[in-house]
Amino acid sequence: MQTFQTDLLCIGAGLAGERVAIEAAAAGFDVTCLSLVPARRSHSSAAQGGMQAALGNCAMGEGDSPDVHFEDTVKGSDWGCDQEVARLFCDNAPIAMRQLAAWGVPWNRVVPGKSTYFKGGKLFEKEELQEKEGLITARAFGGTAKWRTCYTSDGTGHTVLYTMDNRAVQLGVAVHDKVEALSLIHDGKNCLGAVVRCLKTGELHTYLARVTLIATGGFGRIYRESTNAVINDGGGLIIALDTGLVPLGNMEAVQFHPTGIVPTDILVTEGCRGDGGTLLDKNGHRFMPDYEPDKAELASRDVVSRWMTHHMRQGLGVSSPYGDHLWLDIRHLGCQHLATKLREVDEICKNFLGIDPAVDLIPVRPTQHYSMGGVRTDKDGLAYGLKGLFAAGEAACWDMHGFNRLGGNSLAETVVAGMIIGAKVVTYLQNHHVSFPTSLVRDATAAQQDRIRLLVSGKSGRENVFAVRNAMYDALMHGAGIFRNGKDLEACVQTLQEVHARSEKIGLRSNGRGANPELALALRLPGMVRLALCVAQGALQRTESRGSHAREDHPERNDRDWLVRTLATWQPGESLPSLTFEPASTVWSIPPGERGYGGGKIISAEPEEKSGI
Amino acid sequence: MARNLTFSIFRYNPQDPTSTPHTDTFILDETNHMTLFIALNRIREEQDPGLQFDFCCRAGICGACAMVVNGRPGLACHTKTKDLPENITLMPLPFFTLVGDLSVDTGTWFRNMAQRVRSWVHTDKEFNPRALEERMDNALAEEIYELERCIECGCCVAACGTAIMRPDFLGAAGLNRLARFALDPRDKRTEQDHFEIVGNDQGIFGCMGLLACEDVCPKHLPLQDQLGMLRWKMGWAGIMNLLPWKRK
Ligand SMILES: Cc1cc2nc3c(=O)[nH]c(=O)nc-3n(C[C@H](O)[C@H](O)[C@H](O)COP(=O)(O)OP(=O)(O)OC[C@H]3O[C@@H](n4cnc5c(N)ncnc54)[C@H](O)[C@@H]3O)c2cc1C
Ligand code: SF4
Ligand code: SF4
Ligand code: FES
């Protein structure tokens, strides 16, 4: 066992973690980042679409401003976001994009002159201004009034993460990769670091730090089908929850994307439908116009995902060894269009399915995509419940997304939040000192050592780790998927509690030596089930529909009773999280109103209650 | 036409004193659209939970899953079983330190490469948050992106004859990284600065130009062009160095 000491410990070396690290390193502090994989393989690298910032350089972005961006974000969140935070984000996003340009991101730039674009399957023309030539350009994304999504071809996350990691190398940020944080070390008041397992040797190490940051990304992999990288198991959320002190915010707010391919759940872009692609069932029938006569396939992500699920529940899905799915049809768009405008989709189909979308149908189904919930922080990124603990990125509930995040807003969040929270971390480091009681550190490490010993010896039980994981998947998909209702959620919570009990009785079948993957999963799984329970219990309690949270038995958005954020903590030894609630926002620049899409009834807040419940 | 696939997989766990390098065989029924990602996960789940391998994005984007498939380095996640014969042999990437079975440590090597190439924009300009971004021609941005597409999978290094003989060789990935910065006007380094990094046998003069690297690169980077260009430029920079009045 080794002990490492540092000023700032970033658990996570994706965009959010490294952006915070860079801020602290630039201020002269010693920084270590931890990551399950080499930093550049973090899931941020997989985001292809782009990141939103109101630069207003391109023709279709003319007249854009942080105000317009703010309005889109608040509406997108279905008024679930913290408006002060959303404002902070929108105001700073343009600066963050320009800073990335200075650091080396090869943003696509404005090319003056006329060009064409597709919308709803139709061709339009636009003209870019001469005076904007060479400035950062933008593309369209769902739910935005302007073209605001900055991009580098089909690899935005990749180039931004590579640039960020270059900067981290330049500033001497240490990255320890192939390691996994298993628990936080704390004295009940201050967070002091983490116990970490090396995924090269299997050894345990301790990391002591004056500030710890959780930036571990999303937890999509508690679902069987997710567009997330396979490492997105929610490790950072688990270790925060396990303190019994730090709450997770809005865990029930989970976003699904209509078109993950079957199998492997790789995302194919919304652009397919934007450009005129249609959805077909097992009879080859185009069903979306039956449900949404006006918008059909172009209704919002939530709406399309829900109807697809509904349609499959009617027995109209196509069955396969990987479960039911529907078809995405883009054959009629033609080879030329596919090879130029939808190149990534063309490549995904050929590389991963071995089909040609110009002649074959693409198997798709709604797939978990984004976690709005996470470690609840204040606007400075400080987690509730423990001093010296911060969180940023998808792992955090900083809360600019509320109940639905807009495409392009999350990648932008990582760098904007990283910039803002990084500065707060620096101030914190300048003003706070802590001591590290050796007995505390020893006990924290011994606790993990004991867990490993029990798993390897099989003394707690002989449950099979994969069987338990499958039981969690089944329960979640049945109760806490796209559609939710009281009855199924109750059953889901019940089942998950049983699964949780089983997850504490896992025994390994392999020998557990070295970087053993079965052991890694067995160590993580009980925590994953606890996250699943936070999702299900939050969803059960929230008797309304808001953003991505759709209750069949409570279809209305209820601003009277539910303009609140759910906070889940887990007391050691309990079998369920305890939930409390806080006002969704303290500032109401835009009072709750109609989103202008998605339909749905609203129960409005009583006037005197509007300023916060 | 369901086939039964036979996987012969290299096994060795350096952390386990009882483990010795050997091959294990697994048989799996093939399903539609099966990739090595699906197959390996099924083997782990159904037959050997201790089997080590790496996947992350499983979408050909992150570079985590490179291994040697029937003798050829490539990304396992975008290898479809239907393109392979019934007998499939899987080996870890050579050159990199073995973690166990099919898993290798690429992170250490690539971070070291980034430090050696000084893989960042060198400039003394301070970022001004109030100013507009500096303009750039879109065509140039796309050219830079073309070289930035490397996903650090390590296939090119694993396939490279020089790298096998010289562990300190920068490899096609490292040389390509330098070429990327040489193209970028934001980076103020001169040809002389580049020469100091790659004008040697660990750099461009170690490359034998046999182009195994370009052949195996899953992202189809134009490595041949970049290596040729660097060799030419660095050749000249080397000659300039011999002329005393040109030396800086
Ligand atoms: C397919 C796909 C496409 C997307 N496209 C877009 C898009 O176009 N635009 C957009 O705005 N958003 C997009 N998103 C969302 C966006 O990519 C993510 O929200 C964002 O990248 C998250 O960044 P992050 O830094 O918070 O986390 P990540 O980049 O996921 O990094 C997490 C880090 O934490 C580490 N880690 C995790 N657990 C542990 C542990 N226990 N111990 C140590 N380290 C740990 C990981 O190794 C990693 O380094 C997309 C998401 C998906 C799934
Ligand atoms: S061309 Fe050069 S870099 Fe590429 S494989 Fe051959 S020796 Fe290695
Ligand atoms: S150059 Fe190609 S083969 Fe080499 S590391 Fe990069 S992506 Fe992989
Ligand atoms: S798992 Fe990311 S490239 Fe294969």
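Which element supplies the largest share of the shell around ligand 1? The exercises below begin with that point.

**Conventions.** This is a predicted model, in which local features need pLDDT of at least 70 and side-chain atom pairs count only at pLDDT 80 or more, while totals for chains, interfaces and linings use all residues. Residues are numbered from 1 along each chain as its sequence is written, chains are lettered from A and ligands numbered from 1 in the order in which they are written, and side-chain values use heavy atoms, with hydrogens and water left out.

**Exercise 1. Describe the surroundings of ligand 1.**

Solution.
- Step 1: The largest share of the shell, 4 residues, comes from H11(A). Helices and strands here are DSSP runs (H or I of at least four residues for helices, E of at least two for strands), numbered from the N terminus.
- Step 2: At least two shell residues each come from helix H1 (15-26), strand S2 (31-35), strand S8 (179-186), strand S15 (362-371) and helix H11 (409-431) of chain A.
- Step 3: There are 39 residues around ligand 1, and A:Ser42, A:Ser44, A:Glu394, A:Ser410 and A:Leu411 come nearest. A residue is counted as near when one of its heavy atoms lies within 4 Å.
- Step 4: By class the shell holds 16 nonpolar, 20 polar and 3 charged residues. Ala, Val, Leu, Ile, Met, Phe, Trp, Tyr, Cys and Pro count as nonpolar, Asp, Glu, Lys and Arg as charged, and the others, Gly among them, as polar.
- Step 5: Oxygen atoms of ligand 1 lie 3.0 Å from a polar backbone atom of A:Ala13, 3.0 Å from one of A:Ala16, and 3.2 Å from a backbone N or O atom of A:Gly408. Of the 1,000 Å² that ligand 1 exposes when taken alone, the protein buries 96%; accessible areas come from the Shrake-Rupley method with a 1.4 Å probe, and for residues only the protein chains shown count as cover.

**Exercise 2. Set out the shells of ligand 2 and ligand 3 by residue class.**

Solution.
- Step 1: The shell around ligand 2 has 10 nonpolar, 2 polar and no charged residues. Among its members are B:Cys160, B:Cys207 and B:Cys213.
- Step 2: The shell around ligand 3 has 10 nonpolar, 1 polar and 1 charged. Its residues include B:Cys150, B:Glu152, B:Gly154 and B:Cys217.

**Exercise 3. Place B:Arg189 in chain B and determine whether it is buried or exposed.**

Solution.
- Step 1: B:Arg189 is found in the loop between H6 and helix H7 (191-198) of chain B.
- Step 2: Because its relative accessibility is 11%, B:Arg189 counts as buried. Buried means under 20% relative accessible area, exposed over 50%, and partly exposed in between (1.4 Å probe, protein chains only).
- Step 3: The side chain of B:Arg189 makes a polar contact with the side chain of B:Asp187 at 2.9 Å. A polar atom of the B:Arg189 side chain also lies 3.3 Å from the backbone oxygen of B:Trp120. A polar contact is a pair of N or O atoms within 3.5 Å; within protein, one must be able to donate a hydrogen and the other to accept it, and residues adjacent in sequence count only if both atoms are side-chain atoms.
- Step 4: Beyond its neighbours within four places in sequence, B:Arg189 has contacts (heavy atoms within 4.5 Å) that include B:Val117, B:His122, B:Phe181 and B:His194.

**Exercise 4. State what the buried residues of H3(B) pack against.**

Solution.
- Step 1: Helix H3 (residues 138-148) of chain B has the buried residues B:Asn138, B:Ala141, B:Ile144, B:Tyr145, B:Leu147 and B:Glu148.
- Step 2: These pack against helix H4 (156-170) of chain A, together with helix H6 (171-183) and helix H9 (223-242) of chain B.

**Exercise 5. Examine the backbone at A:Pro263, B:Phe95 and B:Asp101.**

Solution.
- Step 1: Most residues other than glycine have a negative phi, and most peptide bonds are trans.
- Step 2: The peptide bond from A:Val262 to A:Pro263 is cis, with omega near -5°.
- Step 3: B:Phe95, which is not a glycine, has a positive phi of about 80°. At 25% relative accessibility, B:Phe95 counts as partly exposed.
- Step 4: B:Asp101 has a positive phi near 50°, and at 3% relative accessibility B:Asp101 counts as buried.
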